[in-house]
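Please open the model in your viewer and keep the sequence panel beside it. The stops below each begin with something to select.

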Amino acid sequence: MKKIHILAGWIFLVTVTSCNDDLLESTPYGQVTSQQYWRNGDDVIAAANAIYAPLLNEDGFAHTEYTFDNCSDDMNRAGDHSDETALEMFTFDASNSHILATWSTKYEVISRANAVLINAPKVNMDETLRNRSMGEAYFLRGFIYWRLSLIYGEVPILTDADALAQTYNKPKATVAEVRAQAEADFQKAATLLPVTYDAAESGRVTQGSAYGFLTKLYVYEENWAKAIEASTKVIGNAAYKLADSYNENFALTTENNPEILFSLQYETGWTTDNSPTFYHTPQAFGGWGFHEPIDDLVKEFEKGDPRRSYSIYSPGDKVVRGSQGTTTFTADMTRVTGYAFRKYTDFTESGDMSQSLNAPFLRSSDVYLLAAEAKIRSGASGDTELNVVRKRAGLPAKTGAKMADIMHERRVELAGENERHQDLLRWDKAGLLDIAAHYKIARGPYKPSRNFVKPKHYYFPLPQREVDLSNGILKQNSNY
């Protein structure tokens with residue numbers, strides 16, 4: 001197994017004259033001031049690698065991103081951070097630490113992507129590697145704008161043109177404008193990225209990564225024709241076929257299989273210790289035991305569905321831990337609910353929790369289910385795509401599948417993968433369910449009744465610190 005080694009650090013290569021030094025808490029890139037960088041293709045590749053690095057941090061996607069899915073009906077926050085309780089219970093405000101931390105990290109990714117887009121075209125280097133590096137920059141910038149549009153809604157758009165012009169203190173763009181930027185970036189990435197890589201470059205984003213997120217974006221926009229068209233670039237390409245077994249997506253030896261369209265790449269000694277593995281693995285196995293599934297999610301799995309045992313540790317499960325042998329999982333190994341997400345845990349040969357396990361953020365199975373949804377909601381049959389996913393799980397095929405079938409399948413297939421809350425939000429906006437009533441239901445002692453207020457809670461507030469630093473340019477989201 002070999003992964004790309006993402007740089008954990010970054011060389012500040014440029015300076016600007018800025019009106020607000022702290023705005024967006026990212027490093028602005030515009031004018032090259034050092035002759036020690038952007039000399040050759042190796043520098044460009046290293047800079048492209050560095051775009052990935054903030055995603056791996058605790059405040060990037062390793063932990064904070066998952067706290068926004070604590071809102072869902074799938075899990076309990078379980079940890080000891082008070083700000084996470086507020087997120088889960090919809091009592092948060094604009095001073096919440098996670099809301100600030102993830103904003104800063106995301107704009108750092110955008111800043112690094114812009115640096116590559118500005119400087120890579122100027123370097124004398126292999127054209128294939130230049131295209132790949134710029135494709136990575138476009139994809140990762142688009143990915144961040146996509147996530148910003150889901151979490152905050154309206155946010156400032158900063159592109160490479162803004163970096164060159166040194167225009168950083170910008171007002172919010174509309175949700176439609178932010179998603180149009182993400183769409184354009186994904187489309188550009190798809191033209192520049194390769195279909196696959198050899199083993200030495202495993203883990204980099206591909207054309208499939210871009211088309212997969214385009215599919216997701218078009219489903220959210222209810223553009224069914226474009227969603228179906230984009231999905232064929234993934235599900236119609238053998239390079240992105242489903243893994244033979246569901247658990248291959250969550251095992252060290254097979255974690256970069258063709259189904260994985262985009263994942264956070266971790267490796268002991270190269271990347272941060274604060275990976276999703278730490279936050280999901282029970283303390284008894286060396287983790288911190290946050291984000292615990294609740295009984296309501298466990299019961300959602302059909303009888304005989306192997307995804308339950310591959311996704312969730314339940315009392316009585318046998319856990320093989322390398323040379324330490326087999327341990328029986330018990331409820332008291334968890335902080336709160338008696339269950340843990342297994343899909344984020346693997347072990348070294350010595351039986352310790354591995355820090356090298358990746359965290360998937362897009363799989364081909366997700367795209368199959370999005371394609372099925374697009375077809376059903378546009379009046380066609382989604383049975384074929386839905387049943388590909390069900391067949392892999394060894395479950396009987398559905399005939400004349402409805403949206404209820406899609407809702408169920410997405411919940412169990414993607415359990416704990418940061419999709420559930422956003423799925424419920426978009427289904428509410430489409431009139432397919434009432435999210436306020438859904439979250440009002442008490443689901444046992446670890447998921448009490450909660451007050452979701454529409455439209456206030458469709459989006460989280462902007463970090464109040466960033467609003468204050470903007471000197472009136474950045475306006476807070478409505479109702480906060």
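Begin by selecting Phe262 together with its surroundings: once the neighbours within four places in sequence are set aside, Phe262 is in contact with Leu55, Phe139, Leu140, Phe143, Val205, Phe213, Pro360, Phe361 and Leu362. Bear in mind throughout that this is a predicted model.

Now widen the selection to the largest nonpolar core, which has 111 residues and in which Leu55, Phe139, Phe143 and Phe262 are those with the most contacts inside it. Colour helix H6, residues 127–151, and you will have picked out the largest share of this core, amounting to 12 residues. As background, nonpolar side chains in soluble globular proteins tend to be buried together. A second core, separate from this one, is made up of seven residues and can be found by selecting, among them, Tyr313, Phe329, Met333 and Ala340.

Return to H6 and add helix H9, residues 207–220, to the view; the two helices pack at an angle of about 25°, and their axes are 11 Å apart. Are they roughly parallel or roughly antiparallel to each other? Because angles under 35 degrees count as roughly parallel, H6 and H9 are roughly parallel to each other. Their crossing is left-handed. To see the contact itself, show the side chains of Phe139, Phe143, Trp146 and Leu150 on H6, and those of Ser209, Ala210, Phe213, Lys216, Leu217 and Tyr220 on H9. Sorted by class, the residues of this contact are eight nonpolar, one polar and one charged.

The next stops concern the backbone. Select Trp38, in the loop that runs between strand S2 (31–32) and helix H1 (41–56), where phi is positive, about 55°, although the residue is not a glycine. Is Trp38 buried or exposed? Its relative accessibility is 10%, and since buried means under 20%, Trp38 counts as buried.

Move on to Ala78, which lies in the loop between strand S3 (75–76) and helix H4 (82–89). Ala78 is also a residue other than glycine with a positive phi, here near 60°, and Ala78 is buried, with a relative accessible area of 6%.

From there, step into H4 and select its buried residues, which are Glu84, Ala86, Leu87 and Glu88. What covers them can be brought into view by adding, among others, helix H3 (64–67), S3 and helix H5 (97–119). Just after H4 comes Phe90, whose phi is again positive, near 60°.

For one more backbone feature, go to the loop between helix H18 (435–440) and helix H19 (464–469), where Pro455 has its place. The peptide bond leading from Lys454 to Pro455 is cis, and its omega is near 0°.

Finish at Arg390, a residue of helix H15, residues 383–392. Is this charged residue buried or exposed? With a relative accessibility of 1%, Arg390 counts as buried. Leaving out neighbours within four places in sequence, show the residues in contact with Arg390, namely Glu302, Leu395, Pro396, Lys398, His408 and Glu409. Then place a distance label between the C-alpha atoms of Arg390 and Glu413, which are 23 residues apart along the chain and separated by 9.1 Å.

Conventions:
Residues numbered from 1 in each chain as written. Predicted model: local features only at pLDDT ≥ 70, side-chain atom pairs only at ≥ 80, totals over all residues. Heavy atoms only, no water. Core = buried A, V, L, I, M, F, W, Y, C linked by side-chain atoms within 4.5 Å. Buried < 20%, exposed > 50% of the residue type's maximum accessible area, 1.4 Å probe, protein only. Helix = DSSP H or I, 4+ residues; strand = E, 2+ residues; numbered from the N terminus. Contact = heavy atoms within 4.5 Å. Axes fitted to C-alpha atoms, helices over the stretch in contact; angles between N-to-C directions. Parallel < 35°, antiparallel > 145°, perpendicular 65-115°, else oblique. Left-handed = near helix turned anticlockwise from the far one by under 90°. Nonpolar A, V, L, I, M, F, W, Y, C, P; charged D, E, K, R; others polar.
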